[in-house]
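The exercises below ask you to read a protein model step by step, with the sequence and the structure side by side. Try each task before you turn to its solution.

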Amino acid sequence: MFEINGKSYVLKYNLKRVELIENAVGMPTMAEMQAHRGMLSLTSLKAYFAYGLKEEGSDAFVKPKEGMAMAEAMIENEGYMAVNGAVLEALERDCPFFFQGA
């Protein structure tokens, strides 16, 4: 959970959301994670954060443009490793099909 501008947000992923992200960054999720040992590029990290962001308790995702600005602020304030770790943790929790047999 993240607090941004006094509101609580969570990262949530599903198959359709990951497809949107892969289309936005032009690379399959597993290809990037394996090629870079889980260290997403800044462009990808911002996309994964932005497209997976929901206000806590809401069914709707944050608009990607707004999410990108929030992602940049989180990376600058909390650090790359913290945000990357949160994204990977949420992906593992919500999309276990990526990690079967890992």
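Five exercises with worked solutions follow.

This is a predicted model, in which local features need pLDDT of at least 70 and side-chain atom pairs count only at pLDDT 80 or more, while totals for chains, interfaces and linings use all residues. Residues are numbered from 1 along each chain as its sequence is written, and side-chain values use heavy atoms, with hydrogens and water left out.

**Exercise 1. The span of a helix**

Task: Compare the expected span of helix α4 (residues 64-78) with the distance between its end C-alpha atoms.

Solution: Begin with the naming, in which helices (H or I, at least four residues) and strands (E, at least two) are DSSP runs numbered from the N terminus. The expected span of a helix is 1.5 Å times one less than its number of residues. For the 15 residues of α4 this gives 21 Å, and the end C-alpha atoms are 20 Å apart, which agrees. Just after the helix comes Gly 79, which has a positive phi near 100°.

**Exercise 2. The two sides of α4**

Task: Find which residues of α4 are buried, and which exposed residues lie on the face turned away from them.

Solution: Residues are sorted by relative accessible area, where buried means under 20%, exposed over 50% and partly exposed in between (1.4 Å probe, protein chains only). By this rule the buried residues of α4 are Gly 67, Met 70, Ala 71, Met 74 and Ile 75. Viewed down the helix axis, these residues fall within an arc of 135° (taken from the directions from the axis to the C-beta atoms), so they line one face of α4. The face turned away from this buried side carries Lys 65, Glu 76 and Asn 77, which are exposed. The next step is to look for the cover, using contact in the sense of heavy atoms within 4.5 Å. The elements that cover the buried residues of α4 include β1 (2-4), β2 (7-11), α3 (42-52), β3 (53-55) and α5 (80-94). Glu 72, also in α4, is partly exposed, with a relative accessible area of 37%.

**Exercise 3. The surroundings of α3**

Task: Decide how many of the 11 residues of α3 are buried, and describe how α3 meets α5.

Solution: Eight of the 11 residues of α3 are buried, so this helix is largely enclosed by the rest of the structure. The buried residues are Ser 44, Leu 45, Ala 47, Tyr 48, Phe 49, Ala 50, Tyr 51 and Gly 52. One of them, Ser 44, has a relative accessible area of 5% and, leaving aside neighbours within four places in sequence, is in contact with Val 25 and Glu 32.

Two packed helices are described by the angle between their axes and the distance between the axes. Axes here are lines fitted to C-alpha atoms, for helices over the stretch in contact, and angles run from 0 to 180 degrees between N-to-C directions. The axes of α3 and α5 come within 10 Å and cross at roughly 55°. Angles under 35 degrees count as roughly parallel, over 145 as roughly antiparallel, 65 to 115 as roughly perpendicular and the rest as oblique, and α3 and α5 are therefore oblique to each other. The contact is made by Leu 42, Leu 45, Tyr 48 and Phe 49 of α3 and by Tyr 80, Val 83, Asn 84, Val 87 and Leu 91 of α5.

**Exercise 4. The buried side of α1**

Task: Work out where the buried residues of α1 lie around its axis, and what they pack against.

Solution: The buried residues of α1 are Arg 17, Val 18 and Ile 21. They cover an arc of only 95° around the axis, which puts them on the same side of α1. On the other side, Leu 15, Lys 16 and Asn 23 are exposed. The buried residues of α1 pack against α2, α3 and α5. With α3 in particular, α1 (residues 15-25) packs at an angle of about 145°, the axes being 10 Å apart.

**Exercise 5. Positive phi in two loops**

Task: Establish whether Asn 5 is buried or exposed, and do likewise for Arg 37.

Solution: Asn 5 lies in the loop between β1 and β2 and has a positive phi of about 50° although it is not a glycine. At 75% relative accessibility, Asn 5 counts as exposed. Arg 37, in the loop between α2 (29-35) and α3, likewise is not a glycine but has a positive phi of about 50°. Its relative accessible area of 78% makes Arg 37 exposed.
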